[in-house]
Amino acid sequence: MAETVRTADYFYVMVPDKPGEGARILGELKRAGVNLVAYSGFPSGRGSQLDLVPTDPAAFKALAKEKKWKVKGPKRIFLIDGDDRLGACADVLGRLAAAKINVTAVTGVCAGMGRYGAILWVKPRDVTKAAAALGAL
């Protein structure tokens, strides 16, 4: 079975690069019942950037407003899942390369039970073209 590719809204929050900041944000989301489809955190400048893909963007935005988080977005992201196989991400990136689309970032993971998943970012101007190249839903 080929992978399923879909677009989703994501938001990012800049936090200090210190222990517990990711846990604090994720804990607030948990307490408020805001579910995430994907999450990625990485250092950026003197802080850290947390990319959050909520199942309910409106609930996320309401909580962010309540907590006075400085949120950027929504922006578009690609969520990919499928049967794990040799070269799964290479196949996806190959389709984008053939369409002359530069990938900003990608994170792939083994999801267990013979499945894999990935989060993929392209520049905003390339989202429509990438969606066509990937057959996104």
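Biologist: Let's start with Phe-60: is it buried or exposed, and what is its relative accessible area?
Modeller: Happy to, and please keep in mind that this is a predicted model. Buried here means under 20% relative accessible area. Phe-60 falls under that cut-off, so it counts as buried, and its relative accessible area is 0%.

Biologist: How are the rings of Phe-60 and Trp-69 arranged: stacked, edge-to-face or tilted?
Modeller: Their centres are 6.3 Å apart, and their planes meet at 45°. An angle under 30 degrees would be stacked and one over 60 edge-to-face. The angle of Phe-60 and Trp-69 is neither, so the pair is tilted.

Biologist: How many aromatic pairs are there, and what is the angle between the planes of Phe-11 and Phe-60?
Modeller: Using a limit of 6.5 Å between ring centres, the count is 3 aromatic pairs. One of them joins Phe-11 and Phe-60, with centres 4.9 Å apart. That pair is tilted because its planes stand at 35°.

Biologist: How many residues apart in sequence are the parts which that pair ties together?
Modeller: Phe-11 belongs to strand β1 (residues 4-16), while Phe-60 sits in helix α2 (residues 57-67). The pair therefore ties together parts whose separation in sequence is 49 residues.

Biologist: Which residues do the ring pairs link into a cluster?
Modeller: Phe-11 is buried, at 1% relative accessibility. Phe-60 and Trp-69 are buried too. Ring pairs link these into a cluster of Phe-11, Phe-60 and Trp-69.

Biologist: Turning to helix α4, within what arc do its buried residues fall?
Modeller: The buried residues in α4 (residues 127-134) are Val-127, Ala-130, Ala-131 and Leu-134. They line one face of the helix, because seen down its axis they fall within an arc of 105°.

Biologist: Which elements do those buried residues of α4 pack against?
Modeller: Thr-128 and Ala-132 are exposed on the other side of α4, so we can set them aside here. The buried residues of α4 pack against β1, β4 (71-83), α3 (88-98) and β6 (115-122).

Biologist: Which element gives the largest share of the lining of the largest pocket?
Modeller: The largest pocket holds about 290 Å³ of space. It is lined by 16 residues, and the closest to its centre are Tyr-10, Lys-75, Thr-104, Trp-121 and Val-122. The largest share, 3 residues, comes from β5.

Biologist: And which element gives the most to the lining of the second largest pocket?
Modeller: That pocket has about 230 Å³ of space, and 14 residues line it, including Val-37 and Ala-38. Elements supplying at least two lining residues each are β2, β4, β5 and β6. With 4 residues, the one that gives the most is β2.

Note on methods
Residues numbered from 1 in each chain as written. Predicted model: local features only at pLDDT ≥ 70, side-chain atom pairs only at ≥ 80, totals over all residues. Heavy atoms only, no water. Phe/Tyr/Trp six-rings, centres within 6.5 Å; stacked < 30°, edge-to-face > 60°. Buried < 20%, exposed > 50% of the residue type's maximum accessible area, 1.4 Å probe, protein only. Arc of directions from axis to C-beta. Contact = heavy atoms within 4.5 Å. 1 Å grid on protein atoms, 1.4 Å probe; cavity = no way out; pocket = protein on both sides within 12 Å on 5 of 7 lines; lining within 4 Å. Points joined across faces, edges and corners; volume = space filled by probe spheres on them.
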